[in-house]
Structures are given as C-alpha cells and as structure tokens.
Amino acid sequence: MSIEGFAVVLVTVWGACVGSFLNVVVYRLPAGMSVVSPPSRCPGCERKLAAYDNVPVLGWLWLRGRCRSCKMKISVQYPLVEAATAVLFGGLTYGYYFAGLGGPWQAAGVAATWPVLAVHLVLLSSMIAATLIDAKLYLIPLSVVWLAAGVAAAGLPGSVALGWVPTEWLGVADRRDGWAQLVPFESGVAPWVAAGAAAGLAVAVGLLRFGVLPLSFAEEVPLPEGADPDDPNLILHHPHPRREIGKELLFLAFPVLGAFGGWAIAPADAEIGGPVGYTAAGVVLGYLVGGGLVWGTRVLGTLGFGKEAMGLGDVHLLAAIGAVIGWRDTVLVFFVAPFFGIVGAILTAGIGALIKQRVRVIPYGPYLCGAAVVVMLWGEAIWAAVFP
C-alpha cells in the first residue's frame with residue numbers, strides 16, 4: 001500500500017473518532033458546558049461510559065442503541081455523525097490524492113502536504129459541527145469557527161517556515177496560467193492590503209470592546225404577545241434593523257480604510273516578505289474577504305428588506321473558510337452556496353407544508369459548508385469551466 005493509500009485509511013479511522021468528539025461538541029457547546037469534562041456518560045443514569053462502549057459506530061451497534069446500565073435509548077445521531085465524519089474525512093483525502101481532483105496535492109504527495117491536509121481536516125471538523133448546530137438551533141458558536149481560523153493562521157505559515165511544505169507547491173498568482181496552490185499565497189501589494197485591513201479590524205474590535213463603538217442588535221426587544229421565545233423567526237421582529245446595521249457599517253469602516261491605507265503606502269517594489277509572509281498574507285486576506293462577502297450581503301439585505309439578513313455566525317464561518325482555502329476559492333464558495341440554498345429552501349418549504357408550519361428563517365451555515373466541500377474537491381474543475 002502506498003503512503004497515500006495508508007493516509008486515506010488512517011484519516012478515515014481518525015474521522016470516526018473525531019465524529020465521536022463532535023457529538024459531544026454539538027450537545028454540550030450550545031448548552032454552555034465543557035466539551036472535555038466530565039467524561040462521556042449516560043444522560044439518564046449518569047454512568048460513565050466504558051472505553052469499549054465509546055468505540056465509534058461499533059459501540060452503538062453492540063449496545064443496540066441503549067445504555068448498558070439503565071437501558072435508556074441512545075440517539076441514532078451518534079453513529080450517523082461518526083460514520084458521516086469518517087466518510088467525509090476519507091473522501092476529502094481520497095479526492096486530493098487519488099481522484100485527480102487535488103491538482104498539486106496529488107503531484108506533491110502526502111509526505112509534502114500532510115501539514116496542510118491537517119489544517120483542512122480541522123476546517124472540515126468545524127464545518128460539520130457548525131452545520132449540525134446551525135441546522136438545529138439557528139446559531140453558530142463562534143469558538144467552533146475561530147478554532148479553524150486560528151489553526152490556519154498558525155499552522156499554514158508555520159508549516160512553510162519549518163520547511164514542511166516545499167516552496168514550489170505554494171502557489172502562483174494567476175489560475176489561468178496554471179493554478180497550483182496548496183496554501184493561500186499572496187504577493188505584490190496584497191500583503192500590504194491585508195496588513196492594513198487587519199490593523200483596521202483590530203482597532204475596530206478594540207473600540208467595540210471599550211464601548212467607543214456601539215454594539216448592534218444589543219437591546220432587548222419585547223416579544224410579540226403569545227410568541228415562543230425559542231422561535232427563530234423572532235429575529236425578524238426587530239423594530240429598527242436599518243438603524244442597527246448602521247452601527248455595523250461604522251465598525252466596518254475601519255478595516256476598509258485600513259485596506260486602502262495599506263494599498264496606498266505599499267512601495268513600488270512590493271515583493272517582500274518571502275514565502276512565510278506571502279502565506280500569512282494569503283490567510284489574512286482569505287479571512288477578510290470571506291467575512292466581508294457575507295457581511296456585505298447582510299448589510300445590503302438588511303437595508304433593502306428592512307429585516308435582519310443572515311447572521312454574524314455566517315460571517316465568521318466564511319471568514320474561517322477563507323483563511324484555509326484563500327480568497328479566490330472563497331469567492332467561488334460564496335457563489336456556489338446559493339444553489340445549495342435554493343434546494344434547501346424548496347425542501348424546507350415542502351416539509352413545512354406537510355406539517356402545516358410556515359418556515360421563514362433558514363440557516364445558511366450548512367449551505368456555506370456544503371459549498372466549501374464542493375470547492376475544496378472540485379474547485380479546479382469549476383474554475384476551468386468558468387475560465388476555459
């Protein structure tokens with residue numbers, strides 16, 4: 001068996017274990033509980049699960065879906081999430097190294113690309129958790145997507161600095177001339193633009209934390225009479241959404257001005273920074289463009305329709321995706337996601353009609369995640385079709 005084949009098997013098995021942990025994250029994180037303590041236990045009798053009962057998928061099967069002690073039923077969600085995570089982990093790795101979908105991944109081999117693969121698998125884990133939580137609770141815990149962005153910010157430039165990723169596979173500037181990108185990679189004036197925007201964002205966050213800038217949608221709005229406080233449609237009942245979105249425009253002015261400032265002061269011979277700096281710039285620019293695309297849609301949608309459009313969790317989600325795969329592929333994710341959204345809206349409307357319940361709020365995070373997986377695997381083919 002080749003090292004790539006061994007990697008597919010190893011990653012698939014590891015994916016099942018990650019899926020077991022994601023079940024814990026999905027259950028505990030929205031409830032404000034620790035994801036590491038206490039150890040896994042039955043919610044009924046609170047008996048700690050033995051190690052052999054925690055084996056992904058198989059543990060649920062040999063327990064026949066019930067607690068060993070109190071016989072309480074264990075949700076089928078647990079083995080399904082474990083199996084789905086294993087399939088996604090293995091499928092992504094197989095697509096990169098065997099299916100001819102990965103471009104430089106297949107050419108460089110797993111020995112030269114495993115650090116970047118690890119970052120992509122962290123992003124995939126975060127997207128699975130975000131999808132499950134958003135689909136159920138209409139929210140995306142920011143810690144889930146911040147983890148992926150933080151791993152990208154530290155792991156990708158760090159891998160380049162340590163020589164774990166050969167420089168010849170980092171990337172070129174123009175996809176039409178032959179794109180060979182393993183990590184987000186930006187040279188020229190882009191590092192200056194990224195640095196300026198990041199500095200502006202840091203200033204805005206600081207001003208927000210110290211109360212200089214106002215926090216949007218922070219006031220408590222009285223609920224309509226007889227409304228269910230857990231109804232996700234209540235987000236549409238804010239009396240002054242356009243006023244609140246103006247506060248966000250004030251916040252966004254700082255990174256936008258910072259980006260223009262970075263571009264203005266960039267020297268004529270802006271080719272500085274080397275591979276590590278270019279990779280760091282690619283990560284930052286991908287993060288900012290990803291977040292900016294959704295935030296811009298949120299602003300325009302709210303101003304246009306007078307209802308809060310999209311959520312800030314979606315902003316952070318696409319920002320994290322951009323940090324991992326770069327701004328160009330993130331733009332592609334942004335335009336592919338609506339196709340998932342259309343199918344999802346039709347299915348949601350059909351289910352709502354069957355149960356005679358009107359569904360007005362549709363979580364968008366799952367569609368962004370689905371589009372991201374498609375672009376991670378078939379992005380080269382899509383770009384080739386768009387720019388033959």
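These are my notebook entries on a surface patch, a pocket, a cavity and one loop residue in this structure.

**Entry 1, the model.** I am working from a predicted model, and I keep that in mind for every value below.

**Entry 2, the N-terminal end.** I began with M1, which sits in the segment that precedes helix 1 (3-28). I looked up its relative accessibility and found 79%, so M1 counts as exposed, the cut-off for that class being over 50%. M1 also belongs to a nonpolar patch on the surface, where F6, V9, L10 and V13 join it, and I noted about 560 Å² of accessible area for these residues together.

**Entry 3, the second largest pocket.** I then turned to the second largest pocket, for which I recorded about 970 Å³ of space. I listed 36 lining residues for this pocket, and those nearest its centre are V24, S40, R41, L49 and Y78. The elements that give two or more residues to this lining are helix 1, helix 2 (58-62), helix 3 (77-97) and helix 5 (110-137). Among the contributors, helix 1 gives the most, with seven residues. When I sorted the lining of the second largest pocket by class, I obtained 22 nonpolar residues, together with seven polar and seven charged ones.

**Entry 4, the cavities.** My search for cavities of 30 Å³ or more, run over the whole structure, returned two. The largest cavity holds about 220 Å³ of space. It is lined by 20 residues, and I noted W105, Q181, D329, M376 and E380 as the closest to its centre. Helix 4 (104-108), helix 10 and helix 12 (365-386) are the elements that give two or more residues to the lining of this cavity. Helix 12 supplies the largest share of that lining, namely six residues. By class, I counted 14 nonpolar, four polar and two charged residues in the lining of the largest cavity.

**Entry 5, G311.** Finally I looked up G311, which I located in the loop that runs between helix 9 (274-305) and helix 10 (312-325). Is G311 buried, partly exposed or exposed? Its relative accessible area is 22%, and because buried requires a value under 20% while exposed requires one over 50%, I entered G311 as partly exposed. I also checked G311 against L139, which lies 172 residues away along the chain, and found their C-alpha atoms separated by 8.1 Å.

Note on methods: Residues numbered from 1 in each chain as written. Predicted model: local features only at pLDDT ≥ 70, side-chain atom pairs only at ≥ 80, totals over all residues. Heavy atoms only, no water. Patch = residues over 30% accessible without salt bridge, like charges linked within 9 Å, V, L, I, M, F, W, Y side chains within 5 Å. Areas by Shrake-Rupley, 256 points an atom, 1.4 Å probe, with all protein chains shown as cover. Salt bridge = Lys/Arg side-chain N within 4 Å of Asp/Glu carboxyl O. Helix = DSSP H or I, 4+ residues; strand = E, 2+ residues; numbered from the N terminus. Buried < 20%, exposed > 50% of the residue type's maximum accessible area, 1.4 Å probe, protein only. 1 Å grid on protein atoms, 1.4 Å probe; cavity = no way out; pocket = protein on both sides within 12 Å on 5 of 7 lines; lining within 4 Å. Points joined across faces, edges and corners; volume = space filled by probe spheres on them. Nonpolar A, V, L, I, M, F, W, Y, C, P; charged D, E, K, R; others polar.
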